[in-house]
Amino acid sequence: MRDVAAVRATARERGIVLTGVQLDIDCPTSALGGYAKFLAAIRARLPKDTRLSITALLDWFRPGTGIAAVVEQVDEFVPQFYDVEPQGVLPKYNTVAAPVVPAKWARLFSQFEKPFRIGISTFGRSRFIPASKDKGSFYSDGTPFDAARTPGMELTVERTPAKEVILRYTAARATSAGYRDYDAGDRIEFSLATPESIAEPVRAAREFGPYCAGVVFFRWPEEGEFMTVPPDDVFTAAGAGHAARQAPRLEVRDERCAAVHCTDLKITHTPAWNEKAVVFVVSVSLDMEYFIPNPGFGARMVSPRRIEITLPPYCGRIHLPLGRAVAAQPVQFRLETRT
Amino acid sequence: MRRFLVLPFLLAGIVWACGFDATLREYLRISFWRPFVKTPESFRPAGLKRLVEPFAGMGPTVGAGALGRLRRHYRLREYDAIPPLVAGVRADARLTPMEREEVELLELKCAMWREDPAAKARMKEFARKSKFPVYASEARGWLARMHYRDGEQSAAGKIYLAELKRPDTNLSESVLTDSLRIVYGFNGRDTLIAQLEDYFDTSEHAEFAVQMVTNVSRRQPADAPPPSIPYERIQQLMEKSRPVLRSPAVVNLGMRLALQAGNPQGALRIASRAPPAMDDPDFLWMLGASRFLVKDYAGAAAPLTKLANSRKANGYQRAGARYGLCGVYMKLGDRVRQLHWALSISDPLPWSPAEDETGVYFSWSGFDFGLLLDAEASIEDLEKLLAEYPGSEKIALVRYSLAVRLARRERYEEAGAMFASIGAKLRANRIGQLAALARDASPEGRFAMAKYLDENQERLFFNDRLWNGLQTYALMGESDARLTRQERVTLLAAERQLRDEQEERWRAYQIYHQLVREQGNTPLGRRAAERAISCLRRISARFGRAAEVRAADIELTRWLRTARIV
């Protein structure tokens, strides 16, 4: 409750109207009775004007669970249409989102006559699957960009029923990238949200009847996170017109060299969820002396006045640090995009 | 066991905490050429002797009668106990005039500690009338403190600044500089900018204020926004106060502003109006910096040389100028002079907190110097340096480096003689053995030579008197964006050559490989192949040429496998 009070105070300071709090607790289905009591205790201590919302696992809605008692304690619940496999178990199929089917779920959610919102995933993840069964698979921190740039990797693309994309990079031969070695047959699988995996459940949510109060996107990317769709793209996919996706931009920073003009180049707002490869071309107003590419991104100087970088499909990166351009005179840079 | 485990972590922690200086070619950054950062110490006159007397209340308490009691109460901070006693003490006819003043000041200090609203005015009056410098200066110090307490930064700062320059003050230099740091540090800069007009009453105050406002620390991270400097307002104030400002101040402050605003041409225009004899460190540095930044490298040499030898400059400023001269002569392609100046700064200066803050970098890593000696300068450059500057410090290091370079070029006799001349007996002996082996051109002789190279890793061609184990951090031409294309090409070639020439195993491998080609599938050929593979596999990844090393390993391994079967 101290945290709630602190959040309220911060919201007040920033002029934000706080209407309620949401608890995201993945309680085991068998323990829903205890969870209902916990929620009742929370409810009693919350200020009267603060609404209480919870996220809900789909498993809670099967017959014979204590979900009714839980829903009774809250003002709103958010069924999560993602990560439906039991926690701590690697799914057989590396997917995050579950299909949102109103015909299956609308009646179950509406029976409580309480508002609910549909929880939609906007994040992705990667998993390393070794060819040898002796080695276990594990979630990895690689990005599609890294995998696409690893020599000897072959890509196959698949769509899940929830319209996510599965990128499967398979090592055709023994290869390595950075500190990681791959044997032939090793796989890196990426499960990524797509515009369709976001648009489709948003459309479906409209068919859930009068108690459906909207959708909740889970979640916004943190700093340096590569596989979560940024808000602009989510809103565009959801058809919310107020936040049109920003066009890719070239960020130019003078590195203040004393005897030459050295400039750091970075492309921001890159289309991280393109189905096809995208080529960015940076045109330079005068000849560069040379260009030092940032390791691992593959930007290259193709002529004294031109730098190019190719973005692989679904690269998952919204910022691309290209490298450092060096010229004898001050120069201007212009960014063009080619698909 | 635990002790052994803790130690590496402890050492790692210390190394991490201290870091090391891996900077190189800093003169190729604009930030290197910023005007000197000013600290309170920058405004102290050199060699000033001050008073060292007890402050009021700090004299003996025993045997001093009623005054002693007052002193004791004061030391125990019993400020309320003092006023009732003061009248009695004043009535004591035995008090000297100085003791009478002490009583007055003690009473005033109690009023100050009790936050009596009249205390500040009374302290000011006391300071004005006091006949004893010990107490007058103490009162001025307390007055400054009260001004600071009341947010009157300019009044406080001016008192401390004036006191810093007075010989008849009982306030120590460290008290005054620390006080100035407190007044102008932390959030003091904002207040200084807000009260800037107050400082344009005298040239001294204006110089102080403008310099403090325009300070940009060398430690300012490159990606942090520079502190905002109200250039226009300062210029207007300077214009308005021109009659007040001393002529050198007009020049120095103008140049400082222009340089900080990124306008070295403007700084040079101002410098052209300077009195001809102007030679203070600030002026010389900014003149050299401005010329360097407009690429007049030859023109930058004169003021920087003058500063490098100036007695008016502190050690850090002189070292900064010397390092700047390395940059000048690098740009002019004069490796001998570049080496000469690098040689003069290759030792860290004794740490001085005040001077360390002056914002001058002087390459204490020694990387610039090491790279020059080991790769960038030619053997002829090193020989010229020895001929032209025979009296330079560390000349033995130059001779040692030259000997290493000669050895790398297989000039073993000369190298051995030079090692011997500076007492490097072990290296001289090894090079002597190498020379003897080199004389035998037979296959067996060459095999023995390669074996000797392989067995003396880092003991023949590696310069073990440079680098402190950190050479890799100095070989960064690949990622250095501060060079021109030609400089980069030259540097990368020099770095590659250094890596190739100093790697004994690479050189041994080449001899073995040649023997394999010549001898074919013979016992000697096979032994050479085995040893060549062994050399390749023990070459550090830092060496580079990864694809070549791998390809050679595969080729020789396959050859050897086939040779053994046959």
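Colleague: Which residue follows H6(B), and is its phi positive or negative?

Modeller: The model is a predicted one. In it, H6(B) is followed by Gly151(B), and the phi of that glycine is positive, near 80°.

Colleague: What span should helix H6 of chain B have, and how far apart are its end C-alpha atoms?

Modeller: Helix H6 of chain B covers residues 133–149, which is 17 residues. At 1.5 Å a residue it should span 24 Å, and its end C-alpha atoms are 24 Å apart, so the two values agree.

Colleague: Is H6(B) largely enclosed or open?

Modeller: It is largely enclosed by the rest of the structure, because 13 of its 17 residues are buried.

Colleague: Turning to the interface, how many residues of chain A and chain B are in contact?

Modeller: Chain A has 14 residues in contact with 20 residues of chain B. The two chains bury about 1,400 Å² between them, with 54% of that on carbon and sulfur atoms.

Colleague: Which three residues supply the most of the area that chain A buries there?

Modeller: Ala258(A), Ala259(A) and Tyr290(A) do, with 40% of the area that chain A buries against chain B.

Colleague: How many salt bridges and how many polar contacts lie across that interface?

Modeller: The rule finds zero salt bridges between chain A and chain B. It does find six residue pairs in polar contact across the interface.

Colleague: Which strands of chain A supply at least two residues each to the side that touches chain B?

Modeller: Strand E16 (290–293) and strand E19 (319–327) each do so. By type, the residues on that side of chain A are ten nonpolar, no polar and four charged.

Note on methods. Residues numbered from 1 in each chain as written. Chains lettered and ligands numbered in written order. Predicted model: local features only at pLDDT ≥ 70, side-chain atom pairs only at ≥ 80, totals over all residues. Heavy atoms only, no water. Contact = heavy atoms within 4.5 Å. Buried area = accessible area lost by both parts, 1.4 Å probe. Salt bridge = Lys/Arg side-chain N within 4 Å of Asp/Glu carboxyl O. Polar contact = N/O pair within 3.5 Å; in protein donor to acceptor, adjacent residues only side chain to side chain. Helix = DSSP H or I, 4+ residues; strand = E, 2+ residues; numbered from the N terminus. Nonpolar A, V, L, I, M, F, W, Y, C, P; charged D, E, K, R; others polar. Expected span 1.5 Å × (residues − 1). Buried < 20%, exposed > 50% of the residue type's maximum accessible area, 1.4 Å probe, protein only.
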